[in-house]
Amino acid sequence: MNKTKVGIIGCGGIANGKHLPALKKLAAKGLIEIVAFCDLIEERAVKAAKEYGTEDAKVYTDYKELLKDNTIEAIHVCTPNRSHSFITVDALHAGKNVICEKPMAINSAEARKMVEAAQETGKLLTIGYQNRQTPEVQYIKKTCDAGDLGDIYYAKAHAIRRRAVPTWGVFLNEYEQGGGPLIDIGTHALDITLWTMNNYKPKMVVGSVYHKLADKLENGSGNAWGDWDPKEFTVEDSAFGYIVMENGATIVLESAWALNSLDVIEASTTLCGDKAGADMRSADGKRGGVRINGVKHGKQYVEIPAMGAGGVDFYDGTAIKPADVEQEIFYSAIRNGTPLCVLPEQAFVVTQILEAIYESAKTGKPVYFD
């Protein structure tokens, strides 16, 4: 088969940190070639093209000009959240398959346009929720699908950082991003929780959003990426949601870039069923493993599967990166017609719930779904 021609829209941090390194591996296998790069800052597109593109790769500052190239089959949307929707919709109507970075959009109305565009055009659309591809999430998903947990009626979606506020790009800009940690990292935790539960029917949401620590820099923030500018910190520093699903299941979502808590864990879920429970912690309670708990033969038990890839003394095993798996799934779907993992309809529900948390926090009232 011919190599799939790829275009990148947005050549900033997420493109260089996640998408392009994964695509480079597919290019080395002869499956794809990156022929077009677009960014509002031309120098960034030029730099990315030199490092990852073909010798004749083109550089653009207007994504609509890039979309006119009829040889391009796949587009990566790696721009700030506000532009996800209209770029994706335009790309789909231009006949391109699209992988859009998370979150899907800044609100459900914009996300719905993306779903409808994919349905209207028949082109593929997926969203960058690569955490589904971690060994821990994969194991828990298979456990849930096998019915080992039974009826999952309570869950927690964890996205807590003690002091790790991203101080680069537009992360702190509410207009460009649509929110802070809730829409940035809370979205990953909620996605894996809904996916492992296989429950996409929310009934009601209550939310709380806080801006408590963003202005407290008297003695330095202690932030992982250095002090932020309080004047630029226009999003929340923490947000929490209480979600009731149609079948009665409850999900508690916790997200923070800065919180006075030692229980630091993100991209993680805890599931409680009537047969057993599961979480994504190691034996010491930290992120990085799987624990299954329940009762057998009249005794409580904790089962800790061996998640490593090793098996012999001289080889520990190297697990493939979730971002690499994400790209392999997307391009296999394009080239071979295999199923996508992250469906746009699923990502739409994540956006609905996030939006409802913000709305509830603003109004002080629950948000009900039709």
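## Salt bridges within helices

Glu110 and Lys113 both belong to helix H5 (residues 108-121), where a spacing of 3 residues sets them about one helical turn apart. In this predicted model, the two side chains form a salt bridge whose closest N and O atoms are 3.2 Å apart. Lys113 has a relative accessible area of 43% and is therefore partly exposed.

A pair in helix H2 (residues 42-52) can be described in similar terms. Glu51 and Lys47 are 4 residues apart in that helix, which means about one helical turn between them. Their side chains meet in a salt bridge, with 3.8 Å from N to O. An α-helix has 3.6 residues a turn, so residues three or four places apart point the same way. Glu51 is partly exposed at 43% relative accessibility, whereas Lys47, at 54%, counts as exposed.

## Salt bridges across the chain

The search of the whole structure finds 15 salt bridges. One of them joins Arg281 to Asp263, with 3.2 Å between the closest N and O atoms. This pair links distant parts of the chain, 18 residues apart: Arg281 lies in strand S12 (residues 277-281), and Asp263 lies in the loop between strand S10 (250-256) and strand S11 (265-273). Arg281 is buried, because its relative accessibility of 12% is under the 20% cut-off. Asp263, with a relative accessible area of 37%, is partly exposed.

Salt bridges also connect Lys18, Glu101 and Glu326 in a network. Lys18 is one of the buried residues of helix H1, the element described next.

## Helix H1

Helix H1 covers residues 13-28, which amounts to 16 residues. From its first C-alpha to its last, the helix reaches 22 Å, close to the 22 Å expected at 1.5 Å a residue. A kink of about 40 degrees lies at His19, shortly before the proline Pro21. Just after the helix, Gly30 takes a positive phi of about 80 degrees.

His19, the site of the kink, is itself buried, as are Ala15, Lys18, Leu20, Ala22, Leu23 and Leu26 of this helix. The buried residues of H1 pack against three strands, namely S1 (4-9), S2 (32-38) and S4 (74-77), and against helices H2 and H9 (322-336). H2 is also the helix that holds the Glu51 and Lys47 pair.

## A buried loop residue

Asn131 is found in the loop between strand S6 (125-127) and helix H6 (135-145). With a relative accessible area of 13%, Asn131 is buried, since that value is under 20%. Leaving aside residues up to four places away in sequence, Asn131 touches Val137, His188, Ile192 and Ala267.

## The largest pocket

The largest pocket has a volume of about 1200 Å³. Its lining consists of 45 residues, and those closest to the centre of the pocket are Gly13, Ile14, Cys78, Thr79 and Phe171. Rolling a probe the size of a water molecule over the atoms shows where empty space is left.

Several elements contribute to this lining. At least two residues each come from H1, helix H4 (84-93), helix H7 (174-177), helix H8 (181-197) and strand S11. H1 thus appears in two settings: its buried residues pack against other strands and helices, and the helix supplies at least two residues of the lining of the largest pocket.

Key. Residues are numbered from 1 along each chain as its sequence is written. This is a predicted model: local features need pLDDT of at least 70, side-chain atom pairs count only at pLDDT 80 or more; totals for chains, interfaces and linings use all residues. Side-chain values use heavy atoms; hydrogens and water are left out. A salt bridge is a side-chain nitrogen of Lys or Arg within 4 Å of a carboxyl oxygen of Asp or Glu. Buried means under 20% relative accessible area, exposed over 50%, partly exposed in between (1.4 Å probe, protein chains only). The expected span of a helix is 1.5 Å times one less than its number of residues. The bend at a residue is the angle between axes fitted to the seven residues ending there and the seven starting there. Contact means heavy atoms within 4.5 Å. On a 1 Å grid over the protein atoms alone, a cavity is a set of points where a 1.4 Å probe fits but cannot get out, and a pocket is an open set with protein on both sides within 12 Å along at least five of seven lines; lining residues have an atom within 4 Å of a point. Grid points are joined across faces, edges and corners, and a volume is the space filled by probe spheres set on the points.
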